[in-house]
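Subject: Structure for you to look through

Dear colleague,

I am handing over the structure below, and I would be glad if you would open it and keep it beside you while you read. My notes follow it, arranged by region.

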Amino acid sequence: MKVMVWLLSGRLRSGAFLLLACSVLSAAPFAAGPPVAGLATAHPLATQAGMEILAGGGNAFDAAVAVSAALAVVEPYGSGIGGGGFWLLHREHDGFEVMIDGREKAPLAAHRNMYLDDDGNVIPGLSVNGALAAGIPGVPAALVHISRRYGRLPLQRSLAPAIRLAREGFRVDKHYRKKAQFRLAALRDDSAAAAIFLHRDEVPAVGQRLVQQDLADTLIDIARFGDAGFYRGARARQLVDGVRAAGGIWSLQDLAAYRIVEREPVRGEYHGLRITSAAPPSSGGIALVSMLNMLADFPLQSLDEATRTHLVIEVMRRAYRDRAEYLGDSDFVDVPLARLGSRAHARQTGASIRLQQATPSSTFNGKAIEAGGQDTTHFSILDAAGNRVAATLSINYPFGACVVPAGTGVLLNNEMDDFSAKPGAPNVYGLVGADANAIEPGKRPLSSMSPTFVESGEGVAILGTPGGSRIITMVLLGILDLAEGNGPESWVSTPRYHHQYLPDAVQFEPGAFAAGLQQELLARGHELKPLDSPYGNMQAIYWVRRTGQVIPASDPRGSGDARVGLFSRN
Ligand code: DON
């Protein structure tokens, strides 16, 4: 993890800057916001792309477009223009806030039983590997929309760093190698994917330059023609032909019909902190609000560590139970958001919590959900005017479906696996869903991605992380750490634990629970599942309004890059 400061001297647009090595920058507060911008992403080249756009006069929204596109190039295993995501935006001058829902949609030819055989059993791998696993991508439409509606720069400027990275290449690092090794067999199965992401059918070496000329050309089409450069015309035909040749079911109509949705974020409150987070089709915001509502009824600070940890586990269990039952795409199913987010529901659900005894999940007779690691990606941005973006983007599993329609450079997502293929049948992360998340044409699969803002009288936090279903509990632990008065370095590095209702076990990172704490949790009836490795890759920013201090932080588990830049205001 690196934390650097770019001190931009001279005019905002001059691009001249001085590098200083310190972790925090503060400056006298300005009425319009801090003169300092902060940026935290999972890859140094994406952070650099965002800084370049801010230095060129772009706002946080232009920088978000640049960072999203750059991540699509340099973290091809995590997100991409063949995928989807949620961008939470805050415009400082009028306080306007919105979630851009660029989640993938099921193709129009999709149907409820598309991953089942004649006997009604799930066909292994069909929703994970290959073109049938791919939803209709939302990232290109989201980037065009964000740039045009909220940005200051032309899309061609914001996409320029990503186009350059695709054309000139980036160097493979150890994270890339790990993910490519994990998906080696599936990547080898698709000649276009293997030609781009492997070297002679093997995982490329660290330091090898990975050039993506076709992707550069597709990005250039989007830069020039907007939506039409991807969803219509020759590029759309190339995508559909490639998908169908690989056994998929996309049509030109699917691409032409794709639309992002501007959604009202989910909001909540916890001990004076205002929470703003992702709305359905993410389960993240409402699960966070519901967990915090339950916790608000207990004197968390005065409890001993074992009781406090037990209590947090119990609220996780209950929120994830609701998730499995009620959450899905609110354009298709009636998600009872007002009820799930209410204090009354928290009191009712929390009433069964016993401080000395775990509640077996079997009590609730319910369904399991997913877990995950470091795939997918999150970034946080604050610009010098106080505009902010929290965005979590995904192609789902590492390298998505491992299919590239020939000539496009676009790696297809396998987000269809986030649907419930069959009631009771687990997905790649162990997910078993309810009707609310069944497959329907044009529907968006349920997500856990949780880009979040937290505001107090003192400051504003911007945070989020990848990690499948663990995303929501990671953000919860980050918010609880913030509520205790700790700063972003602590939120991103705090040891993690997770309960997702089913399987009925507490997962925890190596070193997260001391032996004594483990004993106390076992004594309360919890099953403990120590994990072999850490998980998550949180990227956060804290802006202390009163002092103007901007503190970015990048998860030490990843190799992200958190920076602040001081922009002159003349
Ligand atoms: O939308 C979701 O919830 C998942 N597709 C995210 C996948 C993920 O975070 C994988 N990470 N480890």
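In helix 1, the residues that are buried are A46, T47, A49, G50, M51, I53, L54 and A55. Please keep in mind throughout that this is a predicted model. Helix 1 covers residues 44–55, and at 1.5 Å a residue its 12 residues should span 16 Å, which agrees with the 16 Å that separates its end C-alpha atoms. After helix 1 comes G57, which has a positive phi, near 95 degrees.

Helix 1 also leads us to the salt bridges, of which the structure holds 31. As background, side chains of opposite charge can pair when their charged atoms come close. In one of these salt bridges the side chains of R164 and E52 meet, at 2.8 Å from N to O. Because R164 lies in helix 4 (residues 155–168) and E52 in helix 1, the pair ties together parts that are 112 residues apart in sequence. R164 counts as partly exposed, at 34% relative accessibility, and E52 likewise counts as partly exposed, at 32%.

Two further pairs are worth finding on your screen. The side chains of E264 and R267 meet in a salt bridge at 3.3 Å, N to O; E264 counts as exposed, at 54% relative accessibility, whereas R267 is partly exposed, with a relative accessible area of 39%. R524 forms a salt bridge with E520, and the closest N and O atoms of that pair are 3.8 Å apart. Is R524 buried or exposed? At 5% relative accessibility it counts as buried, while its partner E520 is partly exposed, with a relative accessible area of 40%. Elsewhere, E92, R274, R388, E455 and R545 are joined into one network by salt bridges that share partners.

Next, please turn to helix 5, which runs over residues 174–182 and has H175, Y176, K179 and A180 as its buried residues. Seen down the axis of helix 5, these buried residues fall within an arc of 125 degrees, so they line one face of the helix. The general background is that an α-helix has 3.6 residues a turn, so residues three or four places apart point the same way. On the other side of helix 5, K174, K178 and F182 are exposed. What covers the buried residues of helix 5? The cover includes strand 6 (170–171), helix 6 (184–188), helix 7 (191–197) and strand 7 (209–210). At the N-terminal end, helix 5 is capped by D173, a side-chain oxygen of which lies 3.2 Å from the backbone nitrogen of H175.

Strand 6 contains R171, a residue that is partly exposed, with a relative accessible area of 48%. Leaving aside residues up to four places away in sequence, R171 touches G207, Q208 and R209. A polar atom of the R171 side chain lies 2.7 Å from the backbone oxygen of G207. The C-alpha atoms of R171 and P204 are 9.8 Å apart, although 33 residues separate the two along the chain.

Further along the chain, three strands form an open sheet in the order 15-16-17, with mixed pairing. Strand 15 (497–498) and strand 17 (528–530) stand at the edges with a single partner strand each, so one side of each is left without a neighbour in the sheet. Strand 15 and strand 16 (residues 506–508) run antiparallel and are joined by two bridges, and Y497 stands opposite F508 in strand 16.

Finally, there are some backbone details to check, for which it helps to know that most residues other than glycine have a negative phi, and most peptide bonds are trans. The loop between strand 15 and strand 16 holds Y501, whose phi is positive at about 80 degrees although it is not a glycine; Y501 is buried, with a relative accessible area of 0%. That loop also holds P503, which is joined to L502 by a cis peptide bond with an omega of about -5 degrees. Another cis peptide bond joins P280 and P281, with omega about 15 degrees, and P281 is found in the loop between strand 10 (273–277) and helix 12 (284–296). F399 has a positive phi near 60 degrees, lies in the loop between strand 12 (388–394) and strand 13 (452–455), and is buried, with a relative accessible area of 0%.

With best wishes

Conventions
Residues are numbered from 1 along each chain as its sequence is written. This is a predicted model: local features need pLDDT of at least 70, side-chain atom pairs count only at pLDDT 80 or more; totals for chains, interfaces and linings use all residues. Side-chain values use heavy atoms; hydrogens and water are left out. Buried means under 20% relative accessible area, exposed over 50%, partly exposed in between (1.4 Å probe, protein chains only). Helices (H or I, at least four residues) and strands (E, at least two) are DSSP runs, numbered from the N terminus. The arc is that of the directions from the helix axis to the C-beta atoms. Contact means heavy atoms within 4.5 Å. A polar contact is a pair of N or O atoms within 3.5 Å; within protein, one must be able to donate a hydrogen and the other to accept it, and residues adjacent in sequence count only if both atoms are side-chain atoms. Two strands pair if DSSP finds at least two bridges between them. The expected span of a helix is 1.5 Å times one less than its number of residues. A salt bridge is a side-chain nitrogen of Lys or Arg within 4 Å of a carboxyl oxygen of Asp or Glu.
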